[in-house]
Amino acid sequence: MSTAVRRVATLPEPTLDATPTVTAPAPSVPDAPTAPVPKRRHAARAAGLLAAVALLGVILVLSIAVGAKSLPLADVWSGLLHRDATEYAVVHRMRLPRTLLGLLAGTALGVAGAVMQALTRNPLADPGLLGINAGASAAVATAAAFLGVTAIGGYVWFALLGAALVTALVYAVGGGRGATPARLALAGAALNATLYSFVSAVMLLDTASLDRLRFWTIGSLASADAATVARVTPFILVGLLVALGAARPLNALALGDDAARALGARPAVIRAAVIVAVTLLCGAATAACGPIVFVGLLVPHLVRALTGPDLRWLLPYCAVLAPVLLLGADVLGRVLGRPGELQVGMVTAVLGGPLFLWLVSRSRVAHP
């Protein structure tokens, strides 16, 4: 009896938690992908950029070959390389300067539009939003009407001066160092309307000015020559360098001023640098070609569908595809207007308006 009691006493007492412990099998770890998604995305963007460059090359060739008189590719090549060729004068004095000016102006307008949309965080922003194009146009109209300036050499300096003065005025009215995107946009819109009204009044009151500025106010590449290209190239190159250098800080600024400061960016300096870049780009392009619409507004929207909002990719794409649009419109105007031509500003307006409305209706106008 005592032995049985002792055996019962040595049995282990039951625990309160009687739930059995089940050991789950270790989850299987899938094999790591051979190429991470970001690298694939960068590769796709790089391939797309190369394709855009190839398309630009095709448009450049068409711009030289197509005109009131179309030239075979063999004659274009001969005119480019051989001074004694029959086509040398046509290619070097007319077609090549026009093509180079379209390349420079398109690049300037496309990049300016992209950085303006990023700066103001406004998907409808374009180089004219802050009145910069209007300031350049008003200065050129004043120089032509009251000072007798008729050469592109004078137009460039007056256009840059007008763009710079309007930029400073917009920045001051918008709040100076405390300027916000909304205040800058409102100040620019007010000055834009006022200055274009001034340009229209000058042209209506002065018949000679109307004759001199008639094609320039529409937007045209027809008067391009080697001197024009040489004068505007330095300003556009400097503006492009400043804009491309501001790509990474603008990405930070898109998160808001506080987040940008936390990432080490200085919002006031970024805005000032971008405004300087847009002034140089738009002032030079407007002086050489006149105010051309929709290029700076439309191209960033089309490109953003391919690259996303990252300005490190968006700006190079705009720099390549904006001249594709501008030169393509110029070639189309020469073909449709034979034996004359339609000015490129008219073609971009006719094509750009419906295309932009289609983008809006498709809800593809995304926030920058």
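**Group meeting talk: surface, core and salt bridges of a helical chain**

The accessible surface of the protein chain comes to about 18,600 Å², and 69% of that surface belongs to carbon and sulfur atoms. Please keep in mind throughout that what we have in front of us is a predicted model, so every value I give you is computed from that model.

Let me begin with the overall build. The protein chain has 15 helices and 0 strands, and of its 368 residues, 46% are buried. If we take the contacts between residues at least 6 apart in sequence, we find that 75% of them join residues at least 24 apart.

Now to the inside. In soluble globular proteins, nonpolar side chains tend to be buried together. In this model the largest nonpolar core has 90 residues, and those with the most contacts inside it are Leu101, Leu213, Val232, Ile236, Leu250, Val274 and Val278. A second core, separate from that one, has 5 residues, including Ile64, Ala65, Leu71 and Val76.

Let us pick out one residue of the largest core. Which residues is Ile236 in contact with, once we leave aside its neighbours within four places in sequence? The contacts of Ile236 are then Leu104, Ala105, Ala108, Leu281 and Ala284.

A word on cysteines, since a disulfide is a covalent bond between the sulfur atoms of two cysteines. A search of the whole structure finds 0 disulfides. Two cysteines that you may like to locate are Cys282, which is buried with a relative accessible area of 0%, and Cys289, which is buried as well, with a value of 1%.

Next come the charged side chains. Side chains of opposite charge can pair when their charged atoms come close. How many salt bridges does a search of the whole structure find? The search finds 4, and I will go through three pairs with you.

In one pair, Arg98 forms a salt bridge with Asp330, and the closest N and O atoms are 2.8 Å apart. This pair links distant parts of the chain, because Arg98 lies in helix 4, residues 88-120, while Asp330 lies in helix 14, 232 residues away. Are these two residues buried or exposed? Arg98 is buried, with a relative accessible area of 9%, and Asp330 is buried too, at 0%.

Asp330 also meets Arg334 in a salt bridge, at 3.0 Å from N to O. Because Arg334 and Asp330 are 4 residues apart in helix 14, they are separated by about one helical turn. Arg334 counts as buried, with a relative accessibility of 4%. Taken together with Glu341, the residues Arg98, Asp330 and Arg334 are linked in a network of salt bridges.

The side chains of Asp310 and Arg312 meet in a salt bridge as well, again with 3.0 Å from N to O. Here Asp310 counts as buried, at 14% relative accessibility, whereas Arg312 is partly exposed, at 42%.

Finally, let us return to the surface. Leu332, Val335, Leu336, Leu342, Met346, Val350 and Leu351 make a nonpolar surface patch of about 590 Å². The elements that give two or more residues to this patch are helix 14, residues 311-336, and helix 15, residues 344-361. Val335, whose place is in helix 14, is partly exposed, with a relative accessible area of 37%; a residue needs over 30% to be part of such a patch, so Val335 passes that cut-off.

Methods:
Residues numbered from 1 in each chain as written. Predicted model: local features only at pLDDT ≥ 70, side-chain atom pairs only at ≥ 80, totals over all residues. Heavy atoms only, no water. Patch = residues over 30% accessible without salt bridge, like charges linked within 9 Å, V, L, I, M, F, W, Y side chains within 5 Å. Areas by Shrake-Rupley, 256 points an atom, 1.4 Å probe, with all protein chains shown as cover. Buried < 20%, exposed > 50% of the residue type's maximum accessible area, 1.4 Å probe, protein only. Core = buried A, V, L, I, M, F, W, Y, C linked by side-chain atoms within 4.5 Å. Contact = heavy atoms within 4.5 Å. Disulfide = S-S within 2.5 Å.
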